[in-house]
Amino acid sequence: MTNEKAVWQGTLALMVVLKTLQTIGPLHGYGIARRIEQTSGDLLAVNYGTLYPALLKLEQEGYISSEWGVSDNNRKAKYYKLTARRPKAIGARSARLGTDNGNPRPIPISW
């Protein structure tokens, strides 16, 4: 028996990263992690061992691109941004994540 509302492993991470970049614009990995934790009310704890492979996967698939820049504290950082190939359904798909029959609920997932 399959659950149509089930989220494939890794999908949540990818969708949250894409939605963050769509909302904020170009951002470095640390900034992405902090923003996700902040907007989730600290329900999602970002593990860098998961975040950077997700960013690499999105970049390899052409949904995001990266370039080196300088962060606010004058350190070299890789900035990520959405490309023209970004998934068209970022908003609709991520809006459904974390809901159960249309009722919002916390997402008890730690990356």
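**Group meeting: a walk through the predicted model**

Let's start inside. Thr-20 sits in helix α1, which covers residues 11–24. Is Thr-20 buried or exposed? Its relative accessibility is 9%, so Thr-20 counts as buried. What does Thr-20 touch, once we leave aside neighbours within four places in sequence? The contacts are Gly-25, Leu-27, Ile-32, Arg-35 and Ile-36. Keep Leu-27, Ile-32 and Ile-36 from that list in mind. They come back.

One caution before going on. This is a predicted model. Everything I say today is computed from that prediction.

Now the overall layout. The chain has 4 helices and 5 strands. Reading from the N terminus, the order is α-β-α-α-β-β-α-β-β. There are 111 residues in the chain, and 35% of them are buried. The accessible surface is about 7,500 Å². Carbon and sulfur atoms account for 51% of that surface. What about contacts across the sequence? Take those between residues at least 6 apart in sequence. Of these, 50% join residues at least 24 apart.

Next, the sheet. It is open, with 3 strands. Their order is β1-β3-β2, and the pairing is antiparallel. Which strands stand at the edges? They are β1, residues 27–28, and β2, residues 64–70. Each has a single partner strand, so one side of each lacks a neighbour in the sheet. As a reminder, strands of a sheet pair through backbone hydrogen bonds.

Look at the β1 edge. Strand β3 spans residues 76–82. It runs antiparallel to β1, and 2 bridges join them. Here Leu-27 returns: its bridge partner in β3 is Tyr-80. So what packs on this sheet? Helix α3 does, touching β2 and β3. The direction of α3 makes about 120° with that of β2.

On to helix α2, residues 29–39. Which of its residues are buried? The list is Gly-29, Gly-31, Ile-32, Ala-33, Ile-36 and Glu-37. Two of these, Ile-32 and Ile-36, we met as contacts of Thr-20.

Glu-37 deserves a moment. Its relative accessibility is 13%, so it counts as buried. Where does its side chain go? It meets the side chain of Arg-34 in a salt bridge, 2.4 Å from N to O. Arg-34 counts as partly exposed, because its relative accessibility is 30%. Both residues lie in α2, 3 residues apart, about one turn of the helix. Why does that spacing suit a pair? An α-helix has 3.6 residues a turn, so residues three or four places apart point the same way.

How many salt bridges are there in total? The count comes to 2. The other pair is Lys-57 with Glu-61, with the closest N and O atoms 2.8 Å apart. Lys-57 is partly exposed, at 38% relative accessibility. Glu-61 is partly exposed too, with a relative accessible area of 29%.

Now the surface. Tyr-30, Tyr-48 and Tyr-52 form a nonpolar patch there. Together they have about 300 Å² of accessible area. Tyr-48 belongs to helix α3, residues 48–60. That is the helix that packs on the sheet. Tyr-48 itself has a relative accessible area of 32%, so it is partly exposed.

Last, the loops. Watch the backbone angles just after α2. Gly-41 follows that helix, and its phi is positive, near 65°. Then comes Asp-42, in the loop between α2 and α3. Asp-42 is not a glycine, yet its phi is also positive, about 65°. Is Asp-42 buried or exposed? At 62% relative accessibility, it counts as exposed.

There is a similar case at Asn-74. This residue is found in the loop between β2 and β3. Its phi is positive, about 65°, although it is not a glycine. Asn-74 is exposed as well, with a relative accessible area of 68%.

To wrap up, three things to look at on the screen. Find buried Thr-20 in α1. Follow the sheet in the order β1-β3-β2. Then turn to the tyrosine patch of Tyr-30, Tyr-48 and Tyr-52.

Note on methods. Residues numbered from 1 in each chain as written. Predicted model: local features only at pLDDT ≥ 70, side-chain atom pairs only at ≥ 80, totals over all residues. Heavy atoms only, no water. Patch = residues over 30% accessible without salt bridge, like charges linked within 9 Å, V, L, I, M, F, W, Y side chains within 5 Å. Areas by Shrake-Rupley, 256 points an atom, 1.4 Å probe, with all protein chains shown as cover. Salt bridge = Lys/Arg side-chain N within 4 Å of Asp/Glu carboxyl O. Buried < 20%, exposed > 50% of the residue type's maximum accessible area, 1.4 Å probe, protein only. Pairing = 2+ DSSP bridges. Contact = heavy atoms within 4.5 Å. Axes fitted to C-alpha atoms, helices over the stretch in contact; angles between N-to-C directions.
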